[in-house]
Amino acid sequence: MNRTILFLGGFAVAAIIAASAAAQDAPFQSRQVTPSGEYTFGIEGPAVDRQGNLYVVNFAKPGTIGKLPNGAGQSELFATLPEGSVGVAIRFDRAGRMFVADYKKHNIFLISRDGKTVETYFHSDDFNQPNDLTMAVDGTLYASDPNWKRHDGQVWRVQKSPDGNVVGEKMTADRKMSTTNGIDLSPDGRTLYVGESDTREIWAYRIEGTRLTSARLVKRFADFDIDGLRTDTSGDLYVARILKGTIAVLTPAGKLRREIQLEAKEPTNLAFGGDDGKTVFVTQRQGGFIESFRADRPGREYCIWACTEPK
């Protein structure tokens, strides 16, 4: 009798543990993964490196970058930017180099693998304030550049020229843009998606050199602001709906597939990572923490380095 009770008790505990693990792996169920208050109100710019480590700007104080090691539940200081600079976006290229947009001083930095060296990759006084970044397979960076006071914005293309110099150019568009914010590419690299915060609209453009053509409205949300966005390998868009506390998943045509409820109400941006590229990390301004959920497909940028070999 006692052995039976012990056996049944042990079975129940094992079942509870298994159920908990299954719940954590259930797709589109978000949970908090770092302590509240680790990051400032400026928590933003999540990006995952080749080893699965997550990097987020403004750890503990403005002007820093935090690192959440793969599988860890607490962040640590990775890098400190030059005095007066504050990061807002992070991206990695195929070679594993880290790029950080500094909206205060109008820079895009290149940061060494150990976080100790911060070099200016590109600077322009013509920036309003570089905001979100996205990385093409060939290393070209696209940067959203809003002007919040004028309620307008633009997009920059930053790349190396044949002579090795880094060149940044304002892209022209078929239409006047509002406050450009979240930005990402389609899996084939030919379409650029740009979110506009003031209008709550997402627009798609065909890329033709420094021209953005064939402007197409993908989605206009009736309420709540939008912030960062990322695409997966199928072309679906994951959009942070700040103040609503959700991530909206849209088809390339703008149909709402699902809306993922988050732990807090102020998601600023997101990044795909994990061991298979299907873990989505979300930066939460409300509470200053990171949460995550599992998706059904890897992120597009994850496959820049995980699904192809660097040349």
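How much space lies in the largest pocket? About 500 Å³. The model is predicted, and this report covers its pockets, its cavity, its largest nonpolar core and a few single residues.

## Confidence

The average pLDDT of the chain is 92. A score of at least 70 is reached by 91% of the residues.

Residues 1–23 are a weak stretch in these terms: pLDDT stays under 50 there. The model has one contact beyond four places in sequence for this stretch. Helix α1 spans 2–25.

## The largest pocket

The lining of the largest pocket has 23 residues. Glu44, Val88, Trp148, Asp227 and Arg285 lie nearest the centre. By class, ten lining residues are nonpolar, eight are polar and five are charged.

Two strands, β2 and β6, each supply at least two residues of this lining. Strand β2 gives the most, with four residues.

## The second largest pocket

The second largest pocket holds about 390 Å³ of space. Its lining counts 20 residues, and Arg31, Val33, Thr279, Phe281 and Ser292 are the ones nearest its centre. Two or more residues come from each of α1 (2–25), β24 (279–284) and β25 (289–294).

Strand β25 has the largest share of this lining, three residues. The class split is seven nonpolar, eight polar and five charged.

One caution applies to α1. This helix contributes to the lining of the second largest pocket, yet pLDDT is under 50 over residues 1–23.

## The cavity

How many cavities of 30 Å³ or more does the structure hold? One. The space in the largest cavity is about 130 Å³. Its lining consists of 13 residues. Val48, Arg91, Phe272, Glu301 and Tyr302 lie nearest the centre of this cavity.

Five elements give two or more residues each to the cavity lining: β2 (39–48), β6 (87–92), β19 (229–231), β23 (267–273) and α2 (302–305). Strands β2 and β6 also each supply at least two residues to the lining of the largest pocket. In the cavity lining, seven residues are nonpolar, two are polar and four are charged.

## The largest nonpolar core

The largest nonpolar core has 16 residues. Which of them have the most contacts inside it? They are Phe99, Ile108, Tyr121, Phe122, Leu133, Leu141 and Val158.

A run of strands gives two or more residues each: β6, β7 (98–102), β8 (107–111), β9 (118–123), β10 (133–135), β11 (141–147) and β12 (152–160). Val158 shows the links between core residues. Beyond four places in sequence, Val158 touches Ile108, Tyr121, Phe122 and Leu141, among others. Its other contacts are Gly139, Thr140, Val166, Val167 and Gly168.

## Two residues with positive phi

Phe28 has a phi near 65 degrees, a positive value in a residue other than glycine. Phe28 sits in the loop between α1 and β1. Is Phe28 buried or exposed? Phe28 is buried, because its relative accessible area of 14% is under the 20% cut-off.

His151 also has a positive phi and is not glycine; the value is near 60 degrees. His151 belongs to the loop between β11 and β12. Both of these strands give two or more residues to the largest nonpolar core.

## Gln32 and Leu243

Gln32 lies in strand β1, residues 31–32. Its relative accessible area is 33%, so Gln32 is partly exposed. Leaving out residues up to four places away in sequence, Gln32 touches Glu263, Phe289, Ile290 and Glu291. Strand β25 runs over 289–294. The C-alpha atoms of Gln32 and Gly189 are separated by 32 Å, and these residues are 157 apart along the chain.

Leu243 lies in the loop between β20 (237–241) and β21 (246–250). Leu243 is partly exposed, with a relative accessible area of 42%. Its contacts beyond four places in sequence are Phe224, Asp225, Lys265, Glu266, Pro267 and Arg285. Of these, Arg285 is one of the residues nearest the centre of the largest pocket. Leu243 and Gly209 are 34 residues apart along the chain, with 36 Å between their C-alpha atoms.

Key. Residues numbered from 1 in each chain as written. Predicted model: local features only at pLDDT ≥ 70, side-chain atom pairs only at ≥ 80, totals over all residues. Heavy atoms only, no water. 1 Å grid on protein atoms, 1.4 Å probe; cavity = no way out; pocket = protein on both sides within 12 Å on 5 of 7 lines; lining within 4 Å. Points joined across faces, edges and corners; volume = space filled by probe spheres on them. Nonpolar A, V, L, I, M, F, W, Y, C, P; charged D, E, K, R; others polar. Core = buried A, V, L, I, M, F, W, Y, C linked by side-chain atoms within 4.5 Å. Buried < 20%, exposed > 50% of the residue type's maximum accessible area, 1.4 Å probe, protein only. Contact = heavy atoms within 4.5 Å. pLDDT = per-residue confidence, 0-100.
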